[in-house]
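Q: I am new to this structure and would like a close look at a single part of it. Please take one residue and describe its surroundings carefully.

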Amino acid sequence: MFIDRAIITIKAGDGGNGITSFIHYKGKVSGGPDGGDGGKGGDIIFVADKHLTNLSDYYYKTKYVAENGEQGGAKDCFGKSGEDLVLKVPLGTVIKDRETGNIIADMFTDGQRKVVLVGGDGGKGNAKFKNSRRHAPHFSQTGEKTETKQVVLELKTIADVGLVGFPNVGKSTLLSKITRARPKIANYHFTTLSPNLGVCDYYDNQFLVADIPGLIEGASEGAGLGIDFLRHIERTRMLVHVVDVSGLEGRDPYDDYLKINAELKSYSKALSKLKQIIVANKCDVYGADEKLKEFKQKVGRGKKIIPISAVTGEGLDQLKKAVYTALEKLPPVKPLEFEEFNYVKPERLSYEIFKEGETFVIVGTLVDVLKRNVVLDDMNSLAYLHKVLRDRGIIAELRKMGATDKSTVIIGGEEFEFVD
(Lines give C-alpha, C1' and ligand atoms only; values in the text may rest on other atoms or scores of the structure.)
Protein backbone atom coordinates (compact mmCIF):
# COMPACT_ATOMS: atom_id res chain seq x y z
CA MET A 1 0.00 0.00 0.00
CA PHE A 2 1.37 3.40 -0.98
CA ILE A 3 0.83 6.05 1.70
CA ASP A 4 2.07 9.60 1.12
CA ARG A 5 0.30 11.34 4.01
CA ALA A 6 -0.04 10.34 7.63
CA ILE A 7 -1.07 11.94 10.91
CA ILE A 8 0.72 10.59 13.95
CA THR A 9 0.80 11.36 17.67
CA ILE A 10 4.22 11.74 19.27
CA LYS A 11 5.41 12.25 22.83
CA ALA A 12 8.93 12.61 24.18
CA GLY A 13 9.84 10.71 27.34
CA ASP A 14 9.12 12.15 30.78
CA GLY A 15 12.04 12.97 33.02
CA GLY A 16 12.74 10.54 35.85
CA ASN A 17 12.07 11.60 39.45
CA GLY A 18 14.83 12.59 41.81
CA ILE A 19 14.72 10.74 45.13
CA THR A 20 14.97 11.60 48.80
CA SER A 21 17.61 9.44 50.40
CA PHE A 22 20.12 9.62 53.25
CA ILE A 23 23.38 7.82 53.79
CA HIS A 24 23.07 4.69 55.87
CA TYR A 25 25.98 2.60 57.05
CA LYS A 26 27.01 0.70 60.11
CA GLY A 27 27.27 2.94 63.13
CA LYS A 28 25.45 5.82 61.41
CA VAL A 29 21.71 5.42 60.85
CA SER A 30 20.99 8.80 59.27
CA GLY A 31 23.84 10.46 57.44
CA GLY A 32 23.71 13.28 54.92
CA PRO A 33 21.46 13.42 51.85
CA ASP A 34 22.53 11.26 48.92
CA GLY A 35 19.46 11.19 46.69
CA GLY A 36 20.40 11.15 43.00
CA ASP A 37 18.81 12.97 40.07
CA GLY A 38 16.34 11.35 37.68
CA GLY A 39 17.33 10.62 34.09
CA LYS A 40 16.34 12.72 31.09
CA GLY A 41 13.46 11.47 28.93
CA GLY A 42 14.15 10.29 25.40
CA ASP A 43 13.78 12.62 22.39
CA ILE A 44 11.63 12.10 19.30
CA ILE A 45 13.98 12.23 16.30
CA PHE A 46 13.06 12.00 12.61
CA VAL A 47 15.67 10.72 10.14
CA ALA A 48 15.49 10.78 6.33
CA ASP A 49 16.20 7.37 4.76
CA LYS A 50 16.75 6.98 1.02
CA HIS A 51 15.71 3.32 1.16
CA LEU A 52 12.12 4.18 2.10
CA THR A 53 9.63 5.04 -0.63
CA ASN A 54 6.44 5.91 1.26
CA LEU A 55 4.86 6.42 4.69
CA SER A 56 3.14 3.05 4.99
CA ASP A 57 4.93 2.38 8.31
CA TYR A 58 2.78 5.10 9.86
CA TYR A 59 -0.55 3.89 8.49
CA TYR A 60 -1.39 1.25 11.10
CA LYS A 61 0.66 2.51 14.02
CA THR A 62 -0.05 6.17 14.72
CA LYS A 63 1.21 6.75 18.27
CA TYR A 64 4.89 6.95 19.17
CA VAL A 65 6.25 7.55 22.68
CA ALA A 66 9.93 7.80 23.63
CA GLU A 67 11.24 6.05 26.74
CA ASN A 68 10.93 7.81 30.10
CA GLY A 69 13.96 8.62 32.20
CA GLU A 70 14.54 6.37 35.20
CA GLN A 71 14.30 7.44 38.82
CA GLY A 72 17.47 8.51 40.59
CA GLY A 73 19.10 6.25 43.15
CA ALA A 74 20.79 6.42 46.51
CA LYS A 75 24.50 7.22 46.85
CA ASP A 76 24.10 10.12 44.40
CA CYS A 77 23.36 7.71 41.55
CA PHE A 78 21.77 9.31 38.50
CA GLY A 79 18.81 7.62 36.86
CA LYS A 80 19.33 6.24 33.37
CA SER A 81 18.22 8.53 30.55
CA GLY A 82 15.41 7.27 28.33
CA GLU A 83 16.27 5.96 24.87
CA ASP A 84 15.61 8.35 22.00
CA LEU A 85 12.92 7.21 19.57
CA VAL A 86 14.14 7.45 15.96
CA LEU A 87 11.44 7.57 13.27
CA LYS A 88 12.65 7.02 9.70
CA VAL A 89 10.88 8.71 6.80
CA PRO A 90 11.51 8.76 3.02
CA LEU A 91 13.34 11.62 1.37
CA GLY A 92 11.02 14.51 0.60
CA THR A 93 8.86 14.11 3.71
CA VAL A 94 7.60 17.40 5.09
CA ILE A 95 6.77 17.39 8.80
CA LYS A 96 4.07 19.83 9.95
CA ASP A 97 2.43 20.68 13.24
CA ARG A 98 -1.17 19.56 12.83
CA GLU A 99 -2.67 22.30 14.99
CA THR A 100 -1.05 25.27 13.25
CA GLY A 101 -0.02 23.79 9.90
CA ASN A 102 3.48 25.24 10.38
CA ILE A 103 6.38 23.36 8.82
CA ILE A 104 8.78 21.77 11.31
CA ALA A 105 11.20 20.18 8.84
CA ASP A 106 11.72 19.24 5.22
CA MET A 107 13.56 15.89 5.24
CA PHE A 108 15.39 16.48 1.99
CA THR A 109 18.76 14.70 2.19
CA ASP A 110 19.66 11.15 3.17
CA GLY A 111 20.63 10.90 6.83
CA GLN A 112 19.15 14.28 7.73
CA ARG A 113 18.09 14.35 11.41
CA LYS A 114 15.56 16.55 13.15
CA VAL A 115 14.84 16.50 16.89
CA VAL A 116 11.14 17.32 16.91
CA LEU A 117 10.42 16.81 20.62
CA VAL A 118 12.95 17.04 23.46
CA GLY A 119 12.62 14.71 26.44
CA GLY A 120 11.77 16.05 29.89
CA ASP A 121 14.54 16.95 32.31
CA GLY A 122 15.14 14.65 35.23
CA GLY A 123 14.15 15.85 38.69
CA LYS A 124 16.83 16.74 41.22
CA GLY A 125 17.50 14.47 44.17
CA ASN A 126 17.60 15.83 47.70
CA ALA A 127 21.41 15.94 47.65
CA LYS A 128 21.12 18.90 45.24
CA PHE A 129 19.11 20.91 47.79
CA LYS A 130 21.70 20.69 50.55
CA ASN A 131 23.32 23.99 51.55
CA SER A 132 24.97 25.63 54.53
CA ARG A 133 21.64 26.28 56.25
CA ARG A 134 19.73 23.21 55.05
CA HIS A 135 21.75 20.16 56.00
CA ALA A 136 19.09 17.47 55.63
CA PRO A 137 16.49 18.34 52.96
CA HIS A 138 13.61 15.87 53.09
CA PHE A 139 12.33 16.67 49.64
CA SER A 140 13.31 16.06 46.03
CA GLN A 141 12.08 17.06 42.60
CA THR A 142 9.82 15.14 40.27
CA GLY A 143 10.77 14.71 36.62
CA GLU A 144 9.54 17.08 33.95
CA LYS A 145 6.42 15.90 32.14
CA THR A 146 6.22 16.27 28.38
CA GLU A 147 3.27 17.12 26.17
CA THR A 148 1.68 15.02 23.44
CA LYS A 149 1.76 16.53 19.96
CA GLN A 150 0.25 15.61 16.61
CA VAL A 151 2.24 16.02 13.43
CA VAL A 152 1.35 15.60 9.77
CA LEU A 153 3.78 13.77 7.49
CA GLU A 154 3.48 14.64 3.79
CA LEU A 155 5.64 13.02 1.16
CA LYS A 156 6.61 15.25 -1.76
CA THR A 157 8.53 13.16 -4.29
CA ILE A 158 12.00 14.48 -5.13
CA ALA A 159 12.70 14.07 -8.86
CA ASP A 160 14.25 15.97 -11.77
CA VAL A 161 11.42 15.21 -14.19
CA GLY A 162 7.72 14.64 -13.60
CA LEU A 163 5.62 12.75 -16.14
CA VAL A 164 2.10 14.18 -16.29
CA GLY A 165 -0.92 13.41 -18.43
CA PHE A 166 -4.28 11.70 -18.43
CA PRO A 167 -4.60 8.04 -17.40
CA ASN A 168 -3.72 5.46 -20.05
CA VAL A 169 -1.66 7.82 -22.22
CA GLY A 170 1.43 5.64 -21.70
CA LYS A 171 3.32 7.33 -18.84
CA SER A 172 4.07 4.08 -17.01
CA THR A 173 5.21 2.39 -20.21
CA LEU A 174 7.42 5.37 -21.04
CA LEU A 175 8.95 5.28 -17.56
CA SER A 176 9.74 1.58 -17.92
CA LYS A 177 11.41 2.20 -21.29
CA ILE A 178 13.70 5.08 -20.31
CA THR A 179 14.55 3.94 -16.77
CA ARG A 180 15.06 0.75 -14.80
CA ALA A 181 11.72 1.19 -13.05
CA ARG A 182 9.17 -1.58 -13.43
CA PRO A 183 5.77 -0.04 -12.75
CA LYS A 184 2.60 -2.11 -13.01
CA ILE A 185 1.29 -1.59 -16.55
CA ALA A 186 -2.19 -2.46 -17.78
CA ASN A 187 -4.75 -1.16 -20.23
CA TYR A 188 -7.09 0.41 -17.72
CA HIS A 189 -8.94 3.68 -17.89
CA PHE A 190 -8.20 4.91 -14.41
CA THR A 191 -4.91 6.05 -12.98
CA THR A 192 -1.82 4.47 -11.45
CA LEU A 193 -2.35 4.43 -7.69
CA SER A 194 1.12 5.56 -6.62
CA PRO A 195 4.05 7.59 -7.96
CA ASN A 196 6.79 5.51 -9.57
CA LEU A 197 10.42 6.59 -9.69
CA GLY A 198 13.18 5.58 -12.07
CA VAL A 199 16.72 6.65 -12.95
CA CYS A 200 17.30 7.51 -16.60
CA ASP A 201 20.84 7.01 -17.95
CA TYR A 202 21.99 9.42 -20.63
CA TYR A 203 25.55 8.49 -21.57
CA ASP A 204 27.58 9.17 -18.38
CA ASN A 205 24.82 11.22 -16.81
CA GLN A 206 21.67 10.37 -14.91
CA PHE A 207 18.42 12.08 -13.94
CA LEU A 208 15.49 10.95 -11.82
CA VAL A 209 12.06 10.58 -13.44
CA ALA A 210 8.74 10.30 -11.59
CA ASP A 211 5.47 9.09 -13.05
CA ILE A 212 2.95 11.35 -11.29
CA PRO A 213 -0.48 9.66 -11.06
CA GLY A 214 -3.89 11.01 -10.25
CA LEU A 215 -4.31 13.71 -12.87
CA ILE A 216 -7.79 13.91 -14.34
CA GLU A 217 -10.11 16.81 -14.93
CA GLY A 218 -11.04 18.35 -11.58
CA ALA A 219 -8.02 16.84 -9.80
CA SER A 220 -7.09 20.17 -8.17
CA GLU A 221 -10.57 20.28 -6.63
CA GLY A 222 -10.40 16.74 -5.28
CA ALA A 223 -11.61 14.65 -8.21
CA GLY A 224 -10.08 11.20 -8.41
CA LEU A 225 -6.74 10.96 -6.63
CA GLY A 226 -5.31 14.15 -8.07
CA ILE A 227 -5.40 16.33 -4.98
CA ASP A 228 -3.42 13.63 -3.18
CA PHE A 229 -0.68 13.40 -5.79
CA LEU A 230 -0.33 16.90 -7.23
CA ARG A 231 1.99 17.66 -4.30
CA HIS A 232 4.55 15.28 -5.82
CA ILE A 233 5.01 17.55 -8.85
CA GLU A 234 6.08 20.47 -6.66
CA ARG A 235 9.55 18.95 -6.23
CA THR A 236 10.27 18.42 -9.94
CA ARG A 237 12.54 20.69 -11.96
CA MET A 238 10.59 20.22 -15.18
CA LEU A 239 7.59 18.37 -16.62
CA VAL A 240 7.18 15.96 -19.52
CA HIS A 241 3.56 16.25 -20.61
CA VAL A 242 2.48 13.00 -22.26
CA VAL A 243 -0.52 13.09 -24.63
CA ASP A 244 -2.11 10.28 -26.61
CA VAL A 245 -2.32 11.30 -30.28
CA SER A 246 -3.68 7.95 -31.47
CA GLY A 247 -7.31 8.70 -30.70
CA LEU A 248 -7.83 5.14 -29.45
CA GLU A 249 -9.43 6.35 -26.23
CA GLY A 250 -11.86 8.60 -28.10
CA ARG A 251 -10.39 11.76 -26.56
CA ASP A 252 -9.00 14.86 -28.23
CA PRO A 253 -5.26 15.16 -27.39
CA TYR A 254 -5.35 18.98 -27.50
CA ASP A 255 -8.33 19.07 -25.18
CA ASP A 256 -6.46 16.74 -22.78
CA TYR A 257 -3.41 18.99 -23.01
CA LEU A 258 -5.43 22.07 -22.05
CA LYS A 259 -7.21 20.32 -19.19
CA ILE A 260 -4.03 19.02 -17.57
CA ASN A 261 -2.39 22.44 -17.75
CA ALA A 262 -5.52 23.99 -16.27
CA GLU A 263 -5.30 21.56 -13.32
CA LEU A 264 -1.65 22.41 -12.75
CA LYS A 265 -2.37 26.12 -12.77
CA SER A 266 -5.37 25.71 -10.50
CA TYR A 267 -3.29 23.80 -7.94
CA SER A 268 -0.27 26.11 -8.06
CA LYS A 269 0.80 28.90 -10.36
CA ALA A 270 4.40 27.80 -9.79
CA LEU A 271 3.63 24.44 -11.39
CA SER A 272 2.22 26.05 -14.51
CA LYS A 273 5.50 27.95 -14.93
CA LEU A 274 7.73 24.87 -14.85
CA LYS A 275 9.69 24.02 -17.99
CA GLN A 276 7.53 21.62 -20.02
CA ILE A 277 8.28 19.29 -22.92
CA ILE A 278 5.28 17.86 -24.75
CA VAL A 279 5.48 14.20 -25.76
CA ALA A 280 3.06 12.93 -28.40
CA ASN A 281 2.82 9.21 -27.62
CA LYS A 282 1.43 6.23 -29.56
CA CYS A 283 2.63 7.56 -32.90
CA ASP A 284 2.98 3.96 -34.12
CA VAL A 285 -0.83 3.63 -34.30
CA TYR A 286 -2.41 3.89 -37.76
CA GLY A 287 -3.71 7.40 -38.44
CA ALA A 288 -1.65 9.03 -35.68
CA ASP A 289 0.34 11.13 -38.20
CA GLU A 290 -2.70 13.18 -39.21
CA LYS A 291 -3.76 13.69 -35.60
CA LEU A 292 -0.18 14.74 -34.71
CA LYS A 293 -0.20 17.42 -37.42
CA GLU A 294 -3.54 18.70 -36.16
CA PHE A 295 -2.27 18.70 -32.58
CA LYS A 296 0.87 20.68 -33.51
CA GLN A 297 -1.22 23.28 -35.33
CA LYS A 298 -3.45 23.79 -32.30
CA VAL A 299 -0.55 23.99 -29.83
CA GLY A 300 1.27 26.49 -32.04
CA ARG A 301 4.91 27.30 -32.50
CA GLY A 302 7.26 27.80 -29.57
CA LYS A 303 6.29 24.57 -27.82
CA LYS A 304 8.67 21.61 -27.83
CA ILE A 305 6.75 18.58 -29.12
CA ILE A 306 8.50 15.23 -29.47
CA PRO A 307 6.65 12.37 -31.25
CA ILE A 308 7.38 8.96 -29.74
CA SER A 309 6.13 5.43 -29.36
CA ALA A 310 6.79 4.15 -25.86
CA VAL A 311 6.01 0.62 -27.05
CA THR A 312 8.40 0.47 -30.04
CA GLY A 313 11.01 2.87 -28.62
CA GLU A 314 10.67 5.35 -31.50
CA GLY A 315 11.80 8.85 -30.50
CA LEU A 316 13.00 7.90 -27.01
CA ASP A 317 16.64 8.88 -27.67
CA GLN A 318 15.49 12.28 -28.91
CA LEU A 319 13.35 12.67 -25.80
CA LYS A 320 16.19 11.82 -23.40
CA LYS A 321 18.49 14.27 -25.18
CA ALA A 322 15.88 17.05 -24.99
CA VAL A 323 15.23 16.42 -21.30
CA TYR A 324 18.92 16.32 -20.37
CA THR A 325 19.64 19.49 -22.38
CA ALA A 326 16.81 21.29 -20.58
CA LEU A 327 17.94 20.07 -17.15
CA GLU A 328 21.45 21.41 -17.73
CA LYS A 329 19.98 24.91 -17.87
CA LEU A 330 17.68 24.54 -14.86
CA PRO A 331 18.61 25.03 -11.19
CA PRO A 332 18.88 21.89 -9.03
CA VAL A 333 16.04 20.70 -6.81
CA LYS A 334 16.07 22.60 -3.54
CA PRO A 335 14.41 22.08 -0.16
CA LEU A 336 11.32 24.11 0.65
CA GLU A 337 11.85 27.66 1.83
CA PHE A 338 9.96 28.14 5.07
CA GLU A 339 10.14 29.65 8.53
CA GLU A 340 11.05 26.73 10.74
CA PHE A 341 8.61 25.91 13.52
CA ASN A 342 9.90 24.29 16.69
CA TYR A 343 8.18 22.98 19.77
CA VAL A 344 9.66 24.77 22.76
CA LYS A 345 9.42 24.06 26.44
CA PRO A 346 7.31 26.62 28.29
CA GLU A 347 9.08 29.42 30.12
CA ARG A 348 9.29 28.17 33.68
CA LEU A 349 9.37 31.52 35.44
CA SER A 350 6.14 33.09 34.18
CA TYR A 351 3.18 33.67 36.48
CA GLU A 352 -0.04 35.63 36.89
CA ILE A 353 -1.93 36.70 40.01
CA PHE A 354 -5.72 36.91 40.06
CA LYS A 355 -7.62 38.57 42.90
CA GLU A 356 -11.01 37.18 43.95
CA GLY A 357 -12.14 39.13 47.03
CA GLU A 358 -9.67 38.30 49.79
CA THR A 359 -8.34 35.36 47.81
CA PHE A 360 -5.31 35.58 45.52
CA VAL A 361 -4.72 32.86 42.96
CA ILE A 362 -1.24 32.43 41.48
CA VAL A 363 -1.03 30.51 38.20
CA GLY A 364 1.54 29.98 35.49
CA THR A 365 4.51 27.83 34.60
CA LEU A 366 6.41 28.99 37.69
CA VAL A 367 3.66 27.39 39.77
CA ASP A 368 4.05 24.14 37.82
CA VAL A 369 7.74 24.06 38.70
CA LEU A 370 7.05 24.83 42.36
CA LYS A 371 4.57 21.96 42.51
CA ARG A 372 7.35 19.65 41.37
CA ASN A 373 9.86 21.02 43.88
CA VAL A 374 7.87 21.57 47.07
CA VAL A 375 6.84 18.97 49.64
CA LEU A 376 4.11 20.52 51.77
CA ASP A 377 4.75 18.51 54.92
CA ASP A 378 8.42 19.44 55.06
CA MET A 379 9.45 22.72 56.73
CA ASN A 380 12.62 23.04 54.67
CA SER A 381 10.65 22.61 51.49
CA LEU A 382 8.09 25.23 52.55
CA ALA A 383 10.96 27.60 53.41
CA TYR A 384 12.23 27.05 49.85
CA LEU A 385 8.77 27.97 48.50
CA HIS A 386 8.68 31.17 50.55
CA LYS A 387 12.17 32.12 49.39
CA VAL A 388 11.22 31.70 45.72
CA LEU A 389 8.07 33.81 46.18
CA ARG A 390 10.09 36.51 47.91
CA ASP A 391 13.00 36.49 45.42
CA ARG A 392 10.66 36.65 42.43
CA GLY A 393 8.86 39.66 43.88
CA ILE A 394 5.57 37.80 44.27
CA ILE A 395 5.25 38.63 47.98
CA ALA A 396 5.74 42.33 47.25
CA GLU A 397 3.27 42.18 44.38
CA LEU A 398 0.65 40.55 46.64
CA ARG A 399 1.07 43.41 49.13
CA LYS A 400 0.53 45.96 46.35
CA MET A 401 -2.63 44.17 45.32
CA GLY A 402 -3.99 44.50 48.87
CA ALA A 403 -3.12 41.17 50.48
CA THR A 404 -3.41 41.22 54.30
CA ASP A 405 -3.21 38.72 57.17
CA LYS A 406 -6.81 37.80 56.41
CA SER A 407 -6.05 36.92 52.81
CA THR A 408 -5.79 33.45 51.31
CA VAL A 409 -3.21 32.64 48.67
CA ILE A 410 -3.81 29.65 46.37
CA ILE A 411 -0.77 28.12 44.70
CA GLY A 412 -1.21 25.02 42.60
CA GLY A 413 -4.54 24.20 44.22
CA GLU A 414 -3.14 24.48 47.77
CA GLU A 415 -4.34 27.22 50.13
CA PHE A 416 -1.93 29.25 52.26
CA GLU A 417 -2.46 32.11 54.72
CA PHE A 418 -0.74 35.33 53.75
CA VAL A 419 1.51 36.57 56.58
CA ASP A 420 2.81 40.09 56.11
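A: What follows looks at Ile 306 and at helix α7. This is a predicted model, in which local features need pLDDT of at least 70 and side-chain atom pairs count only at pLDDT 80 or more, while totals for chains, interfaces and linings use all residues. Residues are numbered from 1 along each chain as its sequence is written, and side-chain values use heavy atoms, leaving out hydrogens and water.

As a setting, the chain has 10 helices and 18 strands, these being DSSP runs numbered from the N terminus (H or I, at least four residues, for helices; E, at least two, for strands). Of its 420 residues, 48% are buried, a term that stands for under 20% relative accessible area with a 1.4 Å probe, counting protein chains only.

Ile 306 belongs to strand β14, which covers residues 305–307, and with a relative accessible area of 0% Ile 306 is buried. Beyond its neighbours within four places in sequence, Ile 306 is in contact with Ile 277, Ile 278, Val 279 and Ala 280, and also with Gly 315, Gln 318, Leu 319 and Ala 322, where contact means heavy atoms within 4.5 Å. The C-alpha atoms of Ile 306 and Ala 322 are 8.8 Å apart, although 16 residues separate the two in sequence.

Helix α7 takes in residues 316–329 and reaches 21 Å from its first C-alpha to its last, close to the 20 Å expected for its 14 residues at 1.5 Å a residue; that expected span is 1.5 Å times one less than the number of residues. Among the buried residues of α7 are Leu 319 and Ala 322, along with Leu 316, Val 323 and Ala 326.

Terms used: Buried < 20%, exposed > 50% of the residue type's maximum accessible area, 1.4 Å probe, protein only.
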